[in-house]
Amino acid sequence: MNRIAPSAAAAAALFLAPLAAADVLVLKDGRIIDGPKMEQKDGHVTVEFEAGAVEVKDALVDILLQEGKEIAFVPQTDEEREKFEKGFVRFEGRWKKIRSAKKEIQKRVASRVDEAREDVAHSEWMDRYQVESSHFQWHFTTPRRTTQRYIDACDAYFEIFKKDWKIKRDKKKPKLAINFFADRGEFQQVSGAGGGTLAYFMFIGDYDLCAFYDRLDPEFTEQVLFHELGHYLHKLIDEDFRYPHWPGESLCEYYGGASWDPDKKKLTVGQIQNGRLKTIQSDIERGEKIGLRKMITTRGFYDYTWGWSFVHFLMQDPKRAKQFKKFFLGLATDKSVKRERSWSQNLKNVTGEEVLRYFMECMKLEDENDLLKLEGEWYDYIENDLSFEGENALVWEAKTASSLGERDRARKLYQTAYKRSPEAMPASAHFAYAQMLGSSMESRQHYRMAVDKAPLTPVYRWSLGEALEKSSKEGEKEEAELHKAIALELDPYVERDHGRIVITMD
């Protein structure tokens, strides 16, 4: 059975005129594979590359179009068979006449193929899409259908933040440019970002925001975009002011944990940041609680973790949320706050001690005892009110540890995540863990799992091939040649880019 959009997959048998001039596979992440012969089998699509066959699970497939073949669907229930005999099919939750459903499916498939061709035409940065949304100017090489989710979500984020914090954009200035790259390699090459940078907001001069699409972790992509967008929205409070690390990064994390429902077009803020919470819990287990005074007056990574939880704690209480909003806005606008101007960036700043003084004033804390009492309530909130679901919290914490250079800790976290729930571990986590395991048999096992879960990712296959080349096991050197050959068919530049990609998180 050939594939089209999943929304029609449960419809009864529809036989359409041949549409494809060559086999074309459109993946749900927006990528397009064409050229090789393909065949739909039970549970997967087989793609016949010159080097060998690759099985792509149905869960990864959006559309399969085969040369000279028809798109077909088979009734799945007795009700569908009975209705089909009467000339009806179940299509998107409604019974429709077969002829009407045929026309609608044919129209959608043709439209999807046109979209795919258009995406290919805009896949190089010099030919990028340029789209103006309600609040931003987008430049991107990602598929248009894929990117629309982020365009809509960011506009909704702007509206919520505008309502919560009473900001407005200077209409005389251009909208913020969001440069959204198709992958990390393009992001690094075009934007100049290096190391493990995931995204950045340029907060001086002509503002712009640069990020890339991690197709294996789209929710993480969304959180990164939201976080960096927060820095821009903070600038709109007073563009001459640079917010201190706390509360700036912590509020970005609070809104960065929002979730977007593309069907309902609804953004929900104040969600639990699983990875951040897991890091906090690990700190507590080691007896490393962060004190409130230290967090407010000094700069550290704890602003992303403990700081996020403190903002979450304050924002859940209407009275404290009002006080916190007064504090955050007043740091930039209250005339009573003592500010200094940075000679390097020519922006106003506030010292840590002044942040603490003004925070206590706004929160109506009289002395150190009041501050410690608030700290105790915050600790209780973390222990009793914050909880996460799913084993991937460990993966998120491992990513965090890796970004901080804590490779031993990251390796142990990946190991624990795999032991607890191997199926829930994403391909990117298997890949990152394999890189940390060197040339061991265990590393080859995780490279294989990464390839199994993301069979058309060139760098995974190339890395597996390199690992197998070092194996003394019979047949694995020949298998290594196969994986590297397929990787080169998927991406002729994978060997050149491999070194750049392998040292960073995918």
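I count two strands as paired if DSSP finds at least two bridges between them. The model in front of me is predicted.

**Five-stranded sheet**

I started with the strand pair E10 and E11. E10 covers residues 136-140 and E11 covers residues 176-181. They run parallel and share five bridges. I looked up the partner of Phe 136 and found Leu 176 of E11 opposite.

I then placed this pair in its sheet. The sheet is open and has five strands, ordered E9-E10-E11-E13-E12. Its pairing is mixed. Which strands stand at the edges? I noted E9 (129-132) and E12 (199-202). Each has a single partner strand, so one side of each lacks a neighbour in the sheet. From one strand to the next, the twist averages 15 degrees.

Next I checked the helices against this sheet. H3 (residues 144-165) packs on it and touches E9, E10 and E11. The direction of H3 makes about 155 degrees with that of E10. H4 (residues 184-191) lies across E11, E12 and E13. Strand E13 spans 208-212, and H4 runs at about 150 degrees to it.

**Three-stranded sheet**

I moved on to an open sheet of three strands. Its order is E2-E1-E6, and the pairing is antiparallel. E2 (32-34) and E6 (61-65) are the edge strands. Each pairs with a single strand, so one of its sides has no neighbour in the sheet. Neighbouring strands here are turned by 10 degrees against each other on average, direction ignored.

I looked more closely at E1, residues 24-27. E1 pairs with E6 in the antiparallel sense over four bridges. Val 26 stands opposite Ile 63 in E6.

**Helix pair H10 and H11**

I picked out H10 (residues 318-333) and H11 (residues 352-362). They pack at an angle of about 145 degrees, and their axes are 9 Å apart. The crossing is right-handed.

Which residues of H10 meet H11? I listed Gln 323, Lys 326, Phe 327, Gly 330 and Leu 331. On the H11 side I listed Val 355, Tyr 358, Phe 359 and Cys 362. By class, this contact has six nonpolar, two polar and one charged residues.

**Whole chain**

I closed with the totals. The protein chain has 19 helices and 17 strands. Of its 506 residues, 52% count as buried. I took buried as under 20% relative accessible area. The chain exposes about 24500 Å², with carbon and sulfur atoms supplying 48% of that area. Among contacts with a separation of 6 or more, 64% join residues 24 or more positions apart.

Technical notes:
Residues numbered from 1 in each chain as written. Predicted model: local features only at pLDDT ≥ 70, side-chain atom pairs only at ≥ 80, totals over all residues. Heavy atoms only, no water. Helix = DSSP H or I, 4+ residues; strand = E, 2+ residues; numbered from the N terminus. Axes fitted to C-alpha atoms, helices over the stretch in contact; angles between N-to-C directions. Buried < 20%, exposed > 50% of the residue type's maximum accessible area, 1.4 Å probe, protein only. Contact = heavy atoms within 4.5 Å. Areas by Shrake-Rupley, 256 points an atom, 1.4 Å probe, with all protein chains shown as cover. Left-handed = near helix turned anticlockwise from the far one by under 90°. Nonpolar A, V, L, I, M, F, W, Y, C, P; charged D, E, K, R; others polar.
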